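Subject: Structure handover

Hello,

Here is the structure I said I would pass on. My notes on it follow below.

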Amino acid sequence: MKSKIIWIFPSILFVVFVLLSIKELTLTPVDLFLTSPELYKPGAAQKVNNTFVTDVADVLVPWKFYLSANQNISCDGVIHSRLGTFAFEGVKLPQGLCYPWEWTRPYSRWDSFWLTSRFVGFFDALNWSQFFLLTFFYFSSVFFFSHLLPASAESRLAVLGAVLLTTSQAVTRDLQYDVFVASMGFMMLAVGCLFRSDAGKKSNWLFLSWGLLTAAFAKTSIQGVVIVTLMVLALLIIQKGWPYVVEVLKRSPFPIALVLVFLFFYFKGSGIIFLSYPSEFLPSGSQNFLVLEAKKTLAFGQSILTAIWGPILWSFDSLDPFKLYGGFGGREYPSYDNIVVILGPVGAALGLLLINLRAIRFGTKWRIILAISLVLILTPAYRYLYFRFHQWWISMMIVALVLESLVSESHSESERPIKRVGFLAALVMVVPLILAFFGNLYEPQLRHALVGKGIFGFETGYWDQRLATAMARWKLANFWSWLWIGSMVLTWYLHKAKKLNGLVVLATLSGLGASTFYYNRPQSRVPFELYRTAEIRTPTLGADLNGRRFPPNIGLLRNQPVAGIYDSLTVSFGDLTQSF
């Protein structure tokens, strides 16, 4: 592989994060803190960029701040469960309770944030830990796709695939959560090594793959272990066949035994909590099946449209029709927040312009697999496989299909590519304009219906701002609309001119700009010192918090007693005793 092209993405990424540090900006959604009862001011909700990442602001940021700002807070405690009483080493909370942090989130210890926070401030440590995470995932993707593609493929295509996957919705959505991105990076390295092991005959690659797979397990939850295992098996079977998997397993009794022992001790605490309260974590069967399936189907259709029109039709920072399905199954349906298969502007362009179905030969299997995966979403299995499995799997399948179509396509003059591009441009531009026409026609009704709706619907101005943003995009009077359309046209030109380096640059710029940093919007830092001096404010001027309670973990920012703890495996205070 030519060395220059592989450094395009990390170089641009490095420049961006340097600018974030110089400008004192952060990707962390600290604007959400301004809507809490602690710092609430009328009008603050209008400034919120992304209401989908409340967990980051309410849970992860307070924990990281508390643990990095306080030293010598380890403690010994016991937890009472249905399985018995167990001792653990935990973290002392402000009110004196000993909380089993590493039992509930053992993977959080393997975060570069803890190292970077020793040398730079809190927000810079968060920023650079995200840079290292994206860079690691990118190089893991390059290694993975270089082994997934046939030997005859252009090696630079692996770089293009890595850029598309690294800026995909799967990575973008989970970037600030510390449970899946790094795990998937290790998983891809492990799969690449298994491909190179020649069914386990090359013992060095075989043992390296099991080591990397263990790292993938260590950087995720119990759910993640199941997801990683399923994805490894599926990729091996699809690419190499079932006999290859059997041969690998036959040659791996010792590594398998070591991994099982590791999993037992590593997830002992999480396993005790899970087995003590399984009903808290398994899907509920109380939803009406027909209603749930109908809503999932509609929401899934909308998510497919998002892959074509991107943020022009709807998005988290304008109008989000996916929320209409919130009462019909929660995360048990595809939504913008989890399963939407958006890959950024260049991803949509590649998907629509470059996948020549008649030219694909060896890529046929990826079409079939992708079709099965999409249908699987609409079955009850969606609820038990967890939405993140579908989110990651479908993103990888789309990138694989795009890359293999580029390898196998053979354009002919009869295809009339100019006509295809013209049709696409008309499709992308006309549909929003039709939406804008009806939006103008029913704007008063829309505004009336939106007031008081949604998570932060307690301010009229919040929805006024988002309705105005949506209308601007429908009228193609918005920067993001033209970025999306322009990147499609430029992608087509660069591909026809066979300028793969330029295509990688475009994929990097549009992917980072319209996916990674569009979803994780850079914003001014809100100093946590405000929480230590601010008094709880009563909303005024007609604003109503609609019963929105103070998120439990934010008390950690003030070093004050917290009312409860929310983590991936929640432990009730009633289950804890302390022994310091």
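The model is a predicted one. I started with helix α2, which covers residues 8-22. Its 15 residues, taken at 1.5 Å each, should span 21 Å, counting one step less than the number of residues. The C-alpha atoms at the two ends are 22 Å apart, which agrees with that expectation. Within α2, the buried residues are I8, F9, P10, L13, F17 and L20. After the helix comes E24, which has a positive phi, near 55°.

Next, the strands. Strand β2 takes in residues 74-81, and its side chains alternate between two faces. On one face C75, G77, I79 and S81 are buried. S74, D76, V78 and H80 point to the other face and are not buried. β2 pairs with strand β3, residues 84-92, in the antiparallel sense, over eight bridges. The connection between β2 and β3 is a hairpin of two residues. Across the pairing, G77 of the buried face stands opposite F88 in β3.

C75 is also part of a disulfide. How many disulfides does the model contain? The count is one, and the bond runs from C75 to C98 with an S to S distance of 2.0 Å. Since C75 is in strand β2 and C98 is in strand β4 (residues 98-99), the bond ties together parts that are 23 residues apart in sequence. The torsion about the S-S bond is about 95°, so this disulfide is right-handed. Are C75 and C98 buried or exposed? Both are buried. Another cysteine, C193, is buried as well: its relative accessible area is 2%, and the cut-off for buried is under 20%.

Last, the second largest pocket. The space in it comes to about 550 Å³. It is lined by 19 residues, and those closest to its centre are L67, W101, E102, R109 and W114. Which elements give two or more residues to this lining? They are α3 (54-69), β3, α4 (101-104) and α5 (113-116). Strand β3 therefore appears twice in these notes, as the antiparallel partner of β2 and as a contributor to the lining of this pocket. Sorted by class, the lining has seven nonpolar, seven polar and five charged residues.

Regards

Definitions and conventions
Residues are numbered from 1 along each chain as its sequence is written. This is a predicted model: local features need pLDDT of at least 70, side-chain atom pairs count only at pLDDT 80 or more; totals for chains, interfaces and linings use all residues. Side-chain values use heavy atoms; hydrogens and water are left out. Buried means under 20% relative accessible area, exposed over 50%, partly exposed in between (1.4 Å probe, protein chains only). Helices (H or I, at least four residues) and strands (E, at least two) are DSSP runs, numbered from the N terminus. Two strands pair if DSSP finds at least two bridges between them. On a 1 Å grid over the protein atoms alone, a cavity is a set of points where a 1.4 Å probe fits but cannot get out, and a pocket is an open set with protein on both sides within 12 Å along at least five of seven lines; lining residues have an atom within 4 Å of a point. Grid points are joined across faces, edges and corners, and a volume is the space filled by probe spheres set on the points. Ala, Val, Leu, Ile, Met, Phe, Trp, Tyr, Cys and Pro count as nonpolar, Asp, Glu, Lys and Arg as charged, and the others, Gly among them, as polar. A disulfide is a pair of cysteine sulfur atoms within 2.5 Å.
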